[in-house]
Amino acid sequence: MSEQYHVRVAKEHFVFSAAHFITFGDNICERLHGHNYAVAAEVHGPLDANQYVVDFILVRDTLAKLTQELDHHVLLPTKHPTIRVEVAGQEVTATFEERRWVFPLGDCVLLEVENTTAELLARVLGERLHERLREGGYASPAAITVSVDECNGQEGVWSWTAD
Ligand SMILES: Nc1nc2c(c(=O)[nH]1)N=C([C@H](O)[C@H](O)COP(=O)(O)OP(=O)(O)OP(=O)(O)O)CN2
């Protein structure tokens, strides 16, 4: 017999409203638009002395901060093969073919991703969650899953498992 545990944290306030545009196909680039993204996470691992996998409160407060960091921003990919994102002073310019978007730097979050899909936003949040759980004293999850729902029922999911 084997038992496994995880906690799942999915609060109504884990929502960030953000603007983005992605490319798909060969060279189709969406118009700038926004979503109210909803985030949830699972942390898997053995029970500790409290009979916890990990304190809900640590996961809850960490996810609340992470979602707030993205809320009311334009999300831009810095590793996209054809969308170029350049910072000059207090402005960010994104270009795709003949199109050009200029934003105040403070309105943007630049993400080290190839495209701002829900899947890669889930990866960014999952990696940040993992790092901050470690900083918060929870060092060794067996696995973490983060989902990012773009519009009520369309989710990108990132899963990580310790080797
Ligand atoms: N696997 C993925 N597929 C798609 C993603 C993604 O992140 N991962 N993203 C998109 C687009 O961002 C697109 O904006 C979503 O399309 P759509 O469902 O049309 O979004 P709306 O907000 O307009 O939702 P409505 O239900 O049409 O109002 C596409 N695919």
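Begin by selecting strands E8 and E9, which form a hairpin with 2 residues between them, and look in the turn for Glu97, whose phi is positive at about 50°. The model on your screen is a predicted one, and every stop on this tour should be read with that in mind.

**The E8–E9 hairpin**

Stay with this hairpin for a moment and show its backbone: E8 (91-96) and E9 (99-104) run antiparallel and are joined by 6 bridges. If you pick Glu91, you will find that its bridge partner in E9 is Pro104. Returning to Glu97, which sits in the loop between E8 and E9, note that its positive phi belongs to a residue other than glycine. Glu97 counts as exposed because it has 9 C-beta neighbours inside 10 Å, the limit for that class being 12 or fewer. Is E9 itself well covered or hardly covered? It is hardly covered, since the count of buried residues among the 6 residues of E9 is 0.

**The whole chain**

Now zoom out until the whole protein is in view, where the C-alpha trace spans about 60 × 30 × 30 Å along its principal axes. The secondary structure comes to 2 helices and 12 strands, and, read from the N terminus, the order of these elements is β-β-β-β-β-α-β-β-β-β-β-α-β-β. The protein has 163 residues, of which 28% count as buried. Among contacts with a separation of 6 or more, 63% are made by residues 24 or more positions apart.

**Helix H2**

Select helix H2 (118-135) next. The 18 residues of H2 should span 26 Å at 1.5 Å a residue, and the C-alpha atoms at its ends are indeed 26 Å apart, so the expected and computed spans agree. Colour its buried residues, which include Ala118, Leu121, Leu125, Leu129 and Leu133, and also Arg123 and Gly126. The buried residues of H2 pack against E5, helix H1 (56-70), strand E10 (108-111), strand E11 (143-149) and strand E12 (155-161). Just past the end of H2, stop at Gly137, which takes a positive phi of about 100°.

**The nonpolar core**

From the helix, move to the largest nonpolar core, a set of 33 residues in which Val39, Ala41, Leu125 and Val146 have the most contacts. At least two residues of this core come from each of E5, H1, strand E6 (73-77), E8, H2 and E11, and the largest share, 8 residues, is supplied by H2. Centre the view on Ala41 and, leaving aside residues up to four places away in sequence, you will find that Ala41 touches Val9, Val59, Leu63, Leu129, Ile144, Thr145 and Val146.

**Strand E11 and its partners**

Which strand, with 5 of its 7 residues buried, is largely enclosed by the rest of the structure? Select E11, for it is the strand that fits this description. On one pairing, E5 and E11 run antiparallel over 7 bridges, with Ala40 standing opposite Ser147 in E11. On another, E11 is joined to E12 by 7 bridges, again in the antiparallel sense, and here Ser147 stands opposite Val157 in E12. E11 and E12 make a hairpin with 5 residues between them, and Asn152, in the turn, has a positive phi of about 50°.

**Around the ligand**

Show the ligand and select the residues around it, namely Ile22, His33, His35, Thr117, Ala118, Glu119, Glu150, Cys151, Gln154 and Gly156. Two elements give two or more residues to this shell, strand E5 (33-44) and helix H2. Sorted by class, the shell has 3 nonpolar, 5 polar and 2 charged residues.

**Two exposed histidines**

For the last stops, pick His13 in the loop between strand E1 (6-9) and strand E2 (15-20). His13 counts as exposed because 12 C-beta neighbours lie inside 10 Å. Draw a distance from its C-alpha atom to that of Gln68, and the separation is 9.5 Å, although the two residues are 55 apart along the chain. Then go to His72, in the loop between H1 and E6, where phi is near 60°, a positive value in a residue other than glycine. With 12 C-beta neighbours inside 10 Å, His72 also counts as exposed.

How values were computed
Residues are numbered from 1 along each chain as its sequence is written. This is a predicted model: local features need pLDDT of at least 70, side-chain atom pairs count only at pLDDT 80 or more; totals for chains, interfaces and linings use all residues. A residue is near a molecule or strand if its C-beta atom, placed from the backbone, lies within 6 Å of it. Helices (H or I, at least four residues) and strands (E, at least two) are DSSP runs, numbered from the N terminus. Ala, Val, Leu, Ile, Met, Phe, Trp, Tyr, Cys and Pro count as nonpolar, Asp, Glu, Lys and Arg as charged, and the others, Gly among them, as polar. A residue is buried if 20 or more other C-beta atoms lie within 10 Å of its own, exposed if 12 or fewer, and partly exposed in between; C-beta atoms are placed from the backbone. Two residues are in contact if their C-beta atoms, placed from the backbone, lie within 7 Å. The expected span of a helix is 1.5 Å times one less than its number of residues. A nonpolar core is a set of buried Ala, Val, Leu, Ile, Met, Phe, Trp, Tyr and Cys residues joined through C-beta atoms within 7 Å. Two strands pair if DSSP finds at least two bridges between them.
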